[in-house]
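Colleague: I have some questions about side chains and pairing in this model. Can we go through them one at a time?

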Amino acid sequence: RQDNPQPFNPTRYLEKASQLLQSQEPETLAVGIAAVTGRRHTEVAVSGRFSPTGHSYLLTFDGQLKKADPIAYTILTLLPTEQVLEAIDHFRSFPQ
């Protein structure tokens, strides 16, 4: 809550997110991908398309929900895009 801010440890968050991206379970991978991209779970699992930009912490994202005419745009990632894209590829390799 804004009235009672609590300390936040980004290192702990990023370590946990990195662990989630290494999971062999699709549900856990989806949570990790959402955590490092800021995208909705449905965007991660169904509608989203992520592609590299050449920058270590930027991806092109297409498939935003809640938009009548979604367009592609760049998003920041909290971990290196190479690690994030590997996790996305692994997640998409599971049967739906």
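Colleague: Is Arg49 buried, partly exposed or exposed?
Modeller: This is a predicted model, and the value is computed from it. Arg49 has 49% relative accessibility. Exposed would need over 50%, and buried under 20%. Arg49 therefore counts as partly exposed.

Colleague: Which residue meets the side chain of Arg49 in a salt bridge?
Modeller: The N to O distance is 2.9 Å, and the partner is Asp62. The pair links distant parts of the chain, 13 residues apart, with Arg49 in strand β1 and Asp62 in strand β2. At 21% relative accessibility, the partner is partly exposed. The residue is Asp62.

Colleague: How many bridges pair β1 and β2?
Modeller: Strand β1 covers residues 49–52 and strand β2 residues 58–62. They form a hairpin with five residues between them. Phe50 stands opposite Phe61 in β2. The pairing is antiparallel, and the number of bridges is four.

Colleague: Which residue in the hairpin turn has a positive phi?
Modeller: The turn lies between β1 and β2. The phi there is about 100°, and the residue is Gly54.

Colleague: Which residues are linked with Glu43 in a network of salt bridges?
Modeller: Glu43 sits in helix α3, residues 41–47. Arg39 forms a salt bridge with Glu43, with the closest N and O atoms 3.1 Å apart. Glu43 also forms one with Arg40, again at 3.1 Å. The linked residues are Arg39 and Arg40.

Colleague: Is Glu43 buried or exposed?
Modeller: Its arginine partners first: Arg39 is buried at 14% relative accessibility, while Arg40 is partly exposed at 36%. Glu43 has a relative accessible area of 0%. The cut-off for buried is under 20%, so Glu43 is buried.

Colleague: Which backbone nitrogen does the side chain of Glu43 reach?
Modeller: Beyond four places in sequence, Glu43 is in contact with residues including Gly48, Phe61 and Arg92. Leu65 is also one of these contacts. The side chain reaches a backbone nitrogen at 2.8 Å, that of Leu65.

Colleague: What accessible area does the patch of Phe8, Tyr13 and Leu78 have together?
Modeller: The patch is nonpolar and on the surface. Leu78 lies in the loop between β3 (73–76) and α4 (81–92). Leu78 is partly exposed, because its relative accessibility is 44%. Together the three residues have about 320 Å².

Colleague: What separates the C-alpha atoms of Thr28 and Ala17?
Modeller: Thr28 is in helix α2, residues 26–37. Not counting residues up to four places away in sequence, Thr28 touches Leu20 and Ser23. Ala17 is 11 residues from Thr28 along the chain, and their C-alpha separation is 9.9 Å.

Terms used: Residues numbered from 1 in each chain as written. Predicted model: local features only at pLDDT ≥ 70, side-chain atom pairs only at ≥ 80, totals over all residues. Heavy atoms only, no water. Pairing = 2+ DSSP bridges. Helix = DSSP H or I, 4+ residues; strand = E, 2+ residues; numbered from the N terminus. Patch = residues over 30% accessible without salt bridge, like charges linked within 9 Å, V, L, I, M, F, W, Y side chains within 5 Å. Areas by Shrake-Rupley, 256 points an atom, 1.4 Å probe, with all protein chains shown as cover. Salt bridge = Lys/Arg side-chain N within 4 Å of Asp/Glu carboxyl O. Buried < 20%, exposed > 50% of the residue type's maximum accessible area, 1.4 Å probe, protein only. Contact = heavy atoms within 4.5 Å. Polar contact = N/O pair within 3.5 Å; in protein donor to acceptor, adjacent residues only side chain to side chain.
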